[in-house]
Amino acid sequence: MKGRRAVAVVLALLTLTGGVAFAAPPNDRVLAADQYTTDKSRRLGATHVRALQDLNAGIYHCWPWVETQKSSIGFYRPKGAQQDDRYLAIRIYIEQDPSPVFGKMKFEERSAAMFSRYVGPLLKRMTRDDALANDPSLDGFTAILEWMKQAPPINGRPVHETVAIFIDKASALDYLAGRADIRTLAGRARVLGFDGETALGPITLAPT
């Protein structure tokens, strides 16, 4: 009987307050429309702003241990592009507890583990909006993964490791449709590594 009363009280409160109020995600994570520099990027940004806002909100509310920074979601030109290719890009910082096993891995092995854990779910979130995923002006996807290196700080500042992953649209859609596995996707992606501020250049990943 007491349980029924408690449920009734909760339902009454929800009715009176209009439901549970969730904190709004930071509104500066999506690149502002006036920051794009080409007609193609401005059109993509204006057309799909709601999809990018939903992507930001989904990560903020539903993905613990993952953070985004200012202007970290948008239609960016991938590094090294010779034309105005536009990839839907997102940069995430991954919080994690220290792990001796993870810390002893080689950089490529740590990067492969992060690729296996995060790239697939990111692609699923980035293509959740059909209009965005099927837009012919969208050329691919960029996932930038960053985490704290398990090493002593330098000048009092912790060192971060980063991988920037560039995946053309056809390869991403093949993976999402089950026509390619995670190892095949990694083989078709272009991956750049960074140890703090030091660029390590292209790296090869073998995720499991």
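Helices of at least four residues and strands of at least two are DSSP runs, numbered from the N terminus. The structure in these exercises is a predicted model.

**Exercise 1. The lining of the largest pocket**

Task: Determine which strands each supply at least two residues of the lining of the largest pocket, and where the largest share of the lining comes from.

Solution.
1. The largest pocket holds about 500 Å³ of space.
2. It is lined by 21 residues, and those closest to its centre are Arg91, Glu146, Thr162, Gly196 and Glu197.
3. Strand E2 (87-94), strand E3 (140-148) and strand E4 (160-168) each contribute at least two residues to this lining.
4. The largest share, four residues, is supplied by E4.

**Exercise 2. The chain as a whole**

Task: State how many helices and strands the protein chain contains, and in what order the elements run.

Solution.
1. The protein chain has eight helices and six strands.
2. Read from the N terminus, their order is α-α-α-β-β-α-α-α-β-β-α-α-β-β.
3. The chain has 208 residues, of which 41% count as buried.
4. Among contacts in the chain with a separation of 6 or more, 67% are between residues 24 or more positions apart.
5. The accessible surface of the chain is about 12200 Å², and carbon and sulfur atoms account for 55% of that surface.

**Exercise 3. The aromatic pair**

Task: Identify which residues form the aromatic pair, and explain why the pair ties together parts that are apart in sequence.

Solution.
1. One aromatic pair is found when the whole structure is searched.
2. The partners are Trp63 and Tyr118, with 5.8 Å from centre to centre and 35° between the planes.
3. Planes under 30 degrees apart would count as stacked and those over 60 as edge-to-face, so an angle between these limits is called tilted. The pair of Trp63 and Tyr118 is accordingly described as tilted.
4. Trp63 belongs to the loop between helix H3 (49-62) and E1, whereas Tyr118 belongs to helix H5 (residues 107-126); the pair therefore ties together parts that are 55 residues apart in sequence.
5. A residue counts as buried under 20% relative accessible area. Trp63, at 14%, is therefore buried, and Tyr118, at 7%, is therefore buried as well.

**Exercise 4. Tyr76 and its surroundings**

Task: Decide whether Tyr76 is buried, partly exposed or exposed, and state which residues Tyr76 touches.

Solution.
1. Tyr76 is located in strand E1 (residues 66-76).
2. The class "partly exposed" covers values between 20% and 50%. Tyr76 has a relative accessible area of 30%, so Tyr76 is partly exposed.
3. Leaving aside residues up to four places away in sequence, Tyr76 touches Leu31, Ser71, Asp85, Arg86, Tyr87 and Ala89.
4. One of these contacts can be described further: the side chain of Tyr76 reaches the backbone oxygen of Ser71 at 2.5 Å.
5. Tyr76 and Tyr36 are 40 residues apart along the chain, and their C-alpha atoms are separated by 8.6 Å.

**Exercise 5. Positive phi angles**

Task: For Trp65 and Ser71, state what the value of phi is and where each residue is found.

Solution.
1. Most residues other than glycine have a negative phi.
2. Trp65 is not a glycine, yet its phi is positive, about 70°. Trp65 is found in the loop between H3 and E1.
3. Ser71, also not a glycine, has a positive phi of about 55°. Ser71 is found in strand E1.
4. The relative accessibility of Ser71 is 25%, and Ser71 therefore counts as partly exposed.

Definitions and conventions
Residues numbered from 1 in each chain as written. Predicted model: local features only at pLDDT ≥ 70, side-chain atom pairs only at ≥ 80, totals over all residues. Heavy atoms only, no water. Buried < 20%, exposed > 50% of the residue type's maximum accessible area, 1.4 Å probe, protein only. Contact = heavy atoms within 4.5 Å. Areas by Shrake-Rupley, 256 points an atom, 1.4 Å probe, with all protein chains shown as cover. Polar contact = N/O pair within 3.5 Å; in protein donor to acceptor, adjacent residues only side chain to side chain. Phe/Tyr/Trp six-rings, centres within 6.5 Å; stacked < 30°, edge-to-face > 60°. 1 Å grid on protein atoms, 1.4 Å probe; cavity = no way out; pocket = protein on both sides within 12 Å on 5 of 7 lines; lining within 4 Å. Points joined across faces, edges and corners; volume = space filled by probe spheres on them.
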